[in-house]
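Trainee: Could you take me through one part of this fold up close? I'd like to hear about the strands and the turns that link them.

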Amino acid sequence: MEFGDILRQLRVERGLSQDELAQLLGTTKQVISRYETKKRVPRLSVVTQYAQKLNLPLSALTGEVPFLPPNAVAVGRRRRVPILGSAACGEPIYKPEDGTEFVSVEEDLPCDFALIAQGDSMTGDRIHSGDIVFIRSQDTVLDGEIAAVALDDEVTLKHVRRLRGADGRVVFTQLLPSNPAFSPIDIGGDAETRCVRILGKAVAVRFML
């Protein structure tokens, strides 16, 4: 079932009107009505807040089957990968946590985990806050590719560009946003003290309306 179907079924089971459910979730009756008629779909971050307010696991509102292993194959040649946390599209803000929620993907999508985008620095690549970004685990990417990069214990999504000296060696690396309103993050040089590592390459994004 889609989110609107799940929400309506849950409301009916709890004997709530649209007004009462809206008050519980901190929204309006009009928004609830649009969800139930499938004229509107919330971002994953909003669904997460709703699940907390309803004292439910996120999987209960997304229709995902909880607690399946990451590589389990579902009906229709699909499998599930863990959502490990959030990655900033802006300044790095949050580190991945142990995956307790899973998202369903096509069996042949070459990804190992997913992150929830936060911020607006990657909107030029149509990655918006709340979107789910699928990552293939690898410790390096080509120049220009989008990577999930850990800076100390925090994670950001950015294009990677290496700047080289006359001898061909990397002098420092830039993490580039695709929104011109944001500045690059420079890595390297004698003053660099952060622990930096590439977690993987972004291979797909699931857009949330």
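Mentor: Sure, and keep in mind that this is a predicted model. Let's start at a turn: the hairpin of E7 and E8 has 5 residues between its strands, and Gly168 there takes a positive phi near 90°. On either side of that turn, E7 and strand E8, which spans residues 170–176, run antiparallel and are paired through 6 bridges. If you want a spot to click on, try Arg162, which sits opposite Thr173 in E8.

Now go back along the chain to E7's other partner. Strand E6 covers residues 146–151 and strand E7 covers residues 154–164, and this pair is antiparallel too, with 6 bridges. Here Ala147 faces Lys158 across the pairing, the lysine being the one in E7. The hairpin of E6 and E7 has 2 residues between the strands, and Asp152 is the residue to look at, with a positive phi near 55°. While you're tracing these strands, a rule of thumb helps: side chains in a regular strand point alternately to one face of the sheet and the other.

Next, have a look at E5. Strand E4 (residues 113–118) is joined to strand E5 (residues 132–137) by 4 bridges, again antiparallel. Within that pairing, Ile116 is set opposite Ile132 of E5. E5 also pairs with strand E10, residues 196–206, in the antiparallel sense, and 6 bridges connect them. The pair to pick out there is Phe134, which stands opposite Ala204 in E10. So E5 is paired with E4 and with E10, while E7 is paired with E6 and with E8.

Methods:
Residues are numbered from 1 along each chain as its sequence is written. This is a predicted model: local features need pLDDT of at least 70, side-chain atom pairs count only at pLDDT 80 or more; totals for chains, interfaces and linings use all residues. Side-chain values use heavy atoms; hydrogens and water are left out. Two strands pair if DSSP finds at least two bridges between them.
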